[in-house]
Amino acid sequence: MTGKIDQPRVDFAGGAVGYRFRRGGERGHPLVRAAGIKRDRIPSIVDATAGLGRDAFLLASAGATLTLLERSAEVHALLKDALARAAAESPELAEVVGRMTLIHGDARDRLPELKPDVVIVDPMHPPRRNTALVKQEMRQLSAIVGADEDADELMRIALASARERVVLKWPLRAAPLLDTPKPSHQFAGKTVRYEVFATSLKAQVK
């Protein structure tokens with residue numbers, strides 16, 4: 001008999017997310033660089049797979065205005081509550097949350113009408129061989145939303161909708177999600193890579 005899996009804890013004020021926000025090191029993060037955020041130009045961004053909202057919060061902390069799309073009603077409710085709690089925590093957090101618009105819906109349906117400069121895609125990643133390396137919150141999220149069997153379809157729609165680029169967050173050593181097209185460039189983190197698929201000449205500039 002298996003035990004009940006607790007819901008993941010979404011907290012933007014405390015823990016690692018809060019620490020990174022207080023430290024103010026967002027602009028050097030590889031995701032921020034992959035999204036093309038610069039001091040003199042901040043693109044419009046849609047996070048097509050909002051999940052626990054941490055990537056979107058990171059980008060909003062770097063000054064971006066984002067639309068977050070989440071199709072799971074349960075995850076959407078968790079994230080909505082976390083954003084409300086963060087906004088009430090401090091004026092600084094409220095300013096960041098104010099740049100984040102959360103929508104309950106399927107990105108495959110919403111992206112063609114939104115047509116942002118940048119689309120961030122972070123599907124559920126394939127399981128690692130050593131499951132002990134997978135964070136508990138990721139296991140909890142996976143238990144709620146299941147596998148993203150349509151991740152390649154979402155990528156195709158994102159590529160057709162983004163005006164400048166699509167950024168795919170993918171495990172550092174995993175095989176490519178798509179055979180074609182190939183990413184124009186990528187930025188590597190400790191455990192993931194951010195593949196940049198240029199949809200305009202502007203996005204081909206690293």
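## Starting at the surface

Is Glu95 buried or exposed? In this predicted model, Glu95 comes out as exposed, with a relative accessible area of 51%. The cut-off for that label is over 50%, so Glu95 earns it with its 51%.

Glu95 has a charged partner, too. Its side chain meets that of Arg99 in a salt bridge, with 3.6 Å from N to O. Arg99 sits on the other side of the burial scale: at 19% relative accessibility, Arg99 counts as buried. The limit for buried is under 20%, which means that the 19% of Arg99 falls within it.

## A network of charges

That pair has company, as the structure holds 14 salt bridges. Here is the general idea: side chains of opposite charge can pair when their charged atoms come close.

Take Arg71 and Asp106. They form a salt bridge in which the closest N and O atoms are 3.5 Å apart. This pair ties together distant parts of the chain, with the two positions 35 residues apart. Arg71 belongs to the loop between strand 2 and helix 4, while Asp106 belongs to the loop between strand 3 (100-104) and helix 6 (107-114). Arg71 is partly exposed at 39% relative accessibility, whereas Asp106 is buried, with a relative accessible area of 18%.

Asp106 also meets the side chain of Arg108 in a salt bridge, this time at 2.8 Å from N to O. Arg108 counts as partly exposed, at 25% relative accessibility. Follow the shared partners and you get one network made of Arg71, Asp106, Arg108, Asp150 and Glu153.

## Two helices side by side

Now for helix 6 and helix 8. Two packed helices are described by the angle between their axes and the distance between the axes. For this pair, the axes come within 9 Å and cross at roughly 5°. Angles under 35 degrees count as roughly parallel, so helix 6 and helix 8 are roughly parallel to each other.

Who does the touching? On the helix 6 side, the contact is made by Ala107, Arg108, Leu111 and Pro112. Helix 8 brings Glu153, Leu154, Ile157, Ala158 and Ser161. Two of these names, Arg108 and Glu153, also turn up in the salt-bridge network.

Helix 8 has a set of buried residues: Ala151, Leu154, Met155, Ile157, Ala158, Leu159 and Ser161. What covers them includes helix 6, strand 4, strand 5 and strand 7.

## Just past helix 8

Move on from helix 8 (151-161) and you reach the loop that leads to strand 5 (165-171), where Glu164 lies. Glu164 is buried, with a relative accessible area of 7%. Its side chain is joined to that of Arg41 by a polar contact of 2.6 Å.

## The nonpolar cores

In soluble globular proteins, nonpolar side chains tend to be buried together. In this model, the largest nonpolar core has 35 residues, and Ile45 and Leu59 are the ones with the most contacts inside it. Many elements chip in: helix 2 (30-34), helix 3 (54-61), strand 2 (66-70), helix 4 (73-89), helix 5 (91-97), strand 4 (118-121) and strand 7 (192-198) each supply at least two residues. There is also a second, separate core of 19 residues, which includes Leu69, Ala107, Trp170 and Phe197.

What does Ile45 touch, leaving aside its neighbours within four places in sequence? The list is Ala35, Ile37, Leu59, Ala64, Thr65, Leu66, Thr67, Pro116, Val118 and Ile120.

## Two buried residues up close

Ala56 has its place in helix 3. At 0% relative accessibility, Ala56 counts as buried. Not counting residues up to four places away in sequence, Ala56 touches Asp47, Leu66, Leu68 and Met100. From Ala56 to Leu31, the C-alpha atoms are separated by 9.9 Å, and the two residues are 25 residues apart along the chain.

Leu79, in helix 4, is buried as well, at 1% relative accessibility. Once its neighbours within four places in sequence are set aside, Leu79 is in contact with Val10, Phe12, Ala50, Gly51, Leu52, Gly53, Leu68 and Leu102. One of these partners, Leu52, is 27 residues away along the chain, with 6.2 Å separating the C-alpha atoms of Leu79 and Leu52. Leu68 appears in the contacts of Leu79 and in those of Ala56.

Technical notes: Residues are numbered from 1 along each chain as its sequence is written. This is a predicted model: local features need pLDDT of at least 70, side-chain atom pairs count only at pLDDT 80 or more; totals for chains, interfaces and linings use all residues. Side-chain values use heavy atoms; hydrogens and water are left out. Helices (H or I, at least four residues) and strands (E, at least two) are DSSP runs, numbered from the N terminus. Buried means under 20% relative accessible area, exposed over 50%, partly exposed in between (1.4 Å probe, protein chains only). A polar contact is a pair of N or O atoms within 3.5 Å; within protein, one must be able to donate a hydrogen and the other to accept it, and residues adjacent in sequence count only if both atoms are side-chain atoms. A nonpolar core is a set of buried Ala, Val, Leu, Ile, Met, Phe, Trp, Tyr and Cys residues joined through side-chain atoms within 4.5 Å. Contact means heavy atoms within 4.5 Å. A salt bridge is a side-chain nitrogen of Lys or Arg within 4 Å of a carboxyl oxygen of Asp or Glu. Axes are lines fitted to C-alpha atoms, for helices over the stretch in contact, and angles run from 0 to 180 degrees between N-to-C directions. Angles under 35 degrees count as roughly parallel, over 145 as roughly antiparallel, 65 to 115 as roughly perpendicular and the rest as oblique.
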